[in-house]
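Here are some worked exercises to try with the sequence and the model side by side. Have a go at each task before you read its solution.

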Amino acid sequence: MRTKSLKKNKINVITLGCSKNTYDSEVLMGQLKANGKDVAHEQEGNIVVINTCGFIDNAKEESVNTILEYVDKKEQGLVDKVFVTGCLSERYRPDLEKEIPDVDQYFGTTELPLLLKALGADYKHELLGERLTTTPKNYAYLKIAEGCDRPCSFCAIPLMRGKHVSQPIEKLVKEAEGLAKNGVKELILIAQDLTYYGLDLYKKRNLAELLENLAKVEGIEWIRLHYAFPSGFPMDVLDLMKREPKICNYIDIPLQHISDDILKSMKRGTTKEKTTKLLQEFRERVPGMTIRTTLIVGYPGETQKDFEILRDWVQEMKFERLGCFTYSHEENTGAFALVDDVPQEVKQARAAEIMDLQSQISWDLNQEKIGQTFKCVIDRKEGQYFIGRTEFDSPDVDNEVLVDASKFYLKTGDFVNLKITDATEFDLYAEPIS
């Protein structure tokens, strides 16, 4: 007589790529938990869901390697099932099904109900905005829109995420209230393009109104803006940032390049003059504001002169935070029709030159902070240090503030006033002041 197996399935969700994917994984896990499923994030489990990234070559390679790793574990009997979702799966599903057929099923970025069904769960509409957060307790990402309507020639996001769709203000406020009840104190607003928020729903750029409503949520102390687009930026946001203490004096605005020839080919809808004027207005309207940007070097046709225009501009603008990437030639994008004519070693040398320059700028700016006191949030304890951030720093990508745990005791999730005692290019050392 056969007996029914008592083995209980545990679902392990693995997240690759950006904060938008982190958010999607958290929504998936919230749905699974509500269905009574045993679910974990990047731990152990006999059923594996890999949420992939398909943005650039390195990210695609990491996603494929992770899929192969778990397919191998399945063959060894270490896991029972492997499911793949996210951007890589959305963009390359037919190729993946052919090349890696041992995956149980592939799903795109908009197929959450189908993925849940495959995992033996139902999509629960009443869970709107509820999710299992995977970030430290004190902060969470809030995705205010999905997709992108911009025509940038180098970018594959519209292929993977579709057209821009804003979430209604009331839904986002409800979600923020739920997060605050669970101890979240900092909201990091994310979208492919914050600048576009509200155009589809309210027929106007409505980021400022959303921010005003979120600032009223009790328990939320910081609201941070990620991924704004320079063209058409809603300037009323700056006035609100200046007068509303909950909105961090911080903005992440990926500018990609500054040479007019490259900007035109990239279809960015702006110029060097307009971009420089916009950033000057940011700094005039919100003194002390931190601007984070990202740049691409090695775009097709980028000459040494184009690169020097970019390098000199970085030196002139002295961004508080900056990242630089080498161009990745992505099929089905506008730029794919161009010749990828900058050699890889030249791309890498240019990126290294920009980052060396930024390292010196960051060093200089951080030296100015010594002796100053900042309100900081403590994210975690690591080794002999408590590690926190100022309002001018986003998790994982920006500066951290280190406090010697052998001398001082701090609680993670708390806001404390820290006096900066020393600084390197990317770290600040501090002591709490009473």
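**Exercise 1. Is C324 buried or exposed, and why is it in no disulfide?**

Step 1: C324 has a relative accessible area of 14%, and buried means under 20%, exposed over 50% and partly exposed in between, with a 1.4 Å probe and protein chains only. C324 is therefore buried.

Step 2: A disulfide is taken as a pair of cysteine sulfur atoms within 2.5 Å. The closest cysteine sulfur to that of C324 belongs to C155, 16 Å away, so the two are too far apart for a bond.

Step 3: Now try C152, which is also buried, at 12% relative accessibility. Its sulfur lies 6.2 Å from the closest cysteine sulfur, again in C155, which is too far for a bond.

Step 4: By this rule the count is zero disulfides.

A note on the source: this is a predicted model, in which local features need pLDDT of at least 70 and side-chain atom pairs count only at pLDDT 80 or more, while totals for chains, interfaces and linings use all residues. Residues are numbered from 1 along each chain as its sequence is written, and side-chain values use heavy atoms, leaving out hydrogens and water.

**Exercise 2. Find the residues with the most contacts inside the largest nonpolar core.**

Step 1: Look for buried Ala, Val, Leu, Ile, Met, Phe, Trp, Tyr and Cys residues joined through side-chain atoms within 4.5 Å, since such a set is a nonpolar core.

Step 2: The largest one has 59 residues, and I144, L189 and F282 have the most contacts inside it.

Step 3: Select I144 and list its contacts (heavy atoms within 4.5 Å). Leaving out residues up to four places away in sequence, I144 touches several residues, among them V165, L172, L189, Y197 and L210.

Step 4: A second, separate core has 16 residues, including V48, I67, L96 and Y106.

**Exercise 3. Trace the closed barrel and its strand order.**

Step 1: Strands are DSSP runs of E, at least two residues long, numbered from the N terminus; two of them pair if DSSP finds at least two bridges between them.

Step 2: Five strands close the barrel in the order β14-β15-β16-β18-β17, with mixed pairing.

Step 3: Zoom in on β17 (residues 415-423) and β18 (residues 427-432), which pair in the antiparallel sense over five bridges. Here K419 stands opposite E431 in β18.

Definitions and conventions. Helices (H or I, at least four residues) and strands (E, at least two) are DSSP runs, numbered from the N terminus.
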